[in-house]
Amino acid sequence: MSPASDGRPAADLAAATRSAAAVLAEAAQSRATVVLSGHVQPDADALGSTLALAEGLRRRGARVLATFPGPFTLPASLGWIPGADGLVPADAVPSSPDVFVSLDAASPGRLGELAGLLDRAMTSVVVDHHASNPGFGQVRLVDPTAPATVTLVADLLDGLGVTLDRQLATCLYAGLAADTGSFRFGSTRPETHEFAARLLGTGIDHAAISRRLFDTAPFGWLGLLSVVAGRAALEPEVGAGLVWTWSSTAEAAEHGLPGEQLEALVDVVRSAEEADVACVLKGQDDGSWSVSLRSRGATDVARVAMALGGGGHRAAAGYTSSADREGTVAALRAQLCTR
Ligand SMILES: [Mn+2]
């Protein structure tokens with residue numbers, strides 16, 4: 001048997017998949033109430049995972065409520081994902097459902113006000129692929145080698161005997177394309193492309209999905225980008241090299257943009273070849289900084305983010321800081337220099 005790259009035998013993963021699928025199949029068969037949620041400020045993987053599994057369980061007979069932690073607003077780049085119009089706010093789901101499924105959430109904290117359902121549900125199922133996941137929930141399907149949570153959801157749908165059609169495949173492809181950076185990141189494996197081929201085989205419009213996810217923004221984005229890229233600082237002496245910049249929801253608003261548009265900035269900043277780590281500080285309405293980190297490979301930014309109260313993956317991670325801008329960057333420098 002071939003061990004997974006984290007040292008866990010592949011057989012353990014297969015057993016975890018079977019256990020989670022069995023719990024969900026039993027819930028569907030007994031017409032149980034299942035609440036599903038991704039992490040706060042859901043991305044395409046969290047949302048695609050939630051909506052695909054919700055639809056699959058619905059087809060198998062479960063009473064399903066799909067939600068995510070507040071604030072209950074979706075970015076325009078995600079609102080088109082099939083089933084998104086059926087999402088309900090977190091305060092509209094039963095507080096003690098038969099089953100609660102957490103998707104793509106690296107820690108209970110990422111479930112916001114829904115974290116309590118991990119204990120209050122009769123059964124809680126955690127499906128995730130973050131390296132920083134500490135292990136929580138009763139039934140755990142956590143695979144840090146999976147390129148996206150949607151690949152784990154596809155295994156569950158197979159286990160439930162749900163046939164992938166265009167609707168489900170569109171949800172799954174959105175998560176897969178987003179988390180693999182359109183198959184550019186190191187997490188992409190041969191079976192990732194095989195999975196993508198299976199999804200394309202259902203007849204999905206993958207070009208339209210990618211255009212909506214990656215290549216669509218209001219004209220104001222160009223103006224914001226020029227300002228934020230123009231103030232980027234390169235600090236080659238910090239760790240294996242740091243490039244960083246900052247913006248804020250208020251600055252985005254000056255360019256007519258919603259705050260979530262700031263998420264795309266780090267993908268531009270990380271192209272600086274002199275720095276192993278790219279960082280964008282995103283000022284929030286409450287004065288805190290939401291910090292995005294990316295690594296070219298030499299630095300494990302999941303560890304850096306965890307040391308600063310957050311989490312994520314080896315090459316992509318984040319955390320929140322309540323210090324001021326200089327204090328936030330100083331704490332990051334200190335972490336990078338001790339590595
Ligand atoms: Mn993910």
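This passage looks at a manganese site and at helix α5, which supplies one of the donors.

The model is a predicted one, so local features are kept at pLDDT of at least 70 and side-chain atom pairs at pLDDT 80 or more, while totals for chains, interfaces and linings use all residues. Residues count from 1 along each chain as its sequence is written, and side-chain values rest on heavy atoms, with hydrogens and water left out.

Four side chains hold the manganese ion: D45 (OD), D104 (OD), H129 (NE2) and D179 (OD), at 2.1 to 2.3 Å. Donors here are N, O and S atoms within 2.8 Å of the metal (3.2 Å for Na, K and Ca), and since water is not among the atoms, sites may look incomplete. Along the chain, the donors are spaced as D-x58-D-x24-H-x49-D. H129 sits in the loop between β4 (123-128) and β5 (139-142), whereas D179 belongs to α5 (residues 166-179), 50 residues away. Helices (H or I, at least four residues) and strands (E, at least two) are DSSP runs, numbered from the N terminus. Both H129 and D179 are buried, meaning under 20% relative accessible area, with exposed over 50% and partly exposed in between (1.4 Å probe, protein chains only).

Helix α5 itself is mostly covered, with eleven of its 14 residues buried; among them are L168, C171, L172, Y173 and L176. The cover includes α2 (44-59), α4 (149-159), α6 (190-200) and α7 (206-214), counting contact as heavy atoms within 4.5 Å. At 1.5 Å a residue, α5 should span 20 Å, which agrees with its end C-alpha atoms being 20 Å apart; the expected span is 1.5 Å times one less than the number of residues. After α5 comes G181, with a positive phi near 60°.
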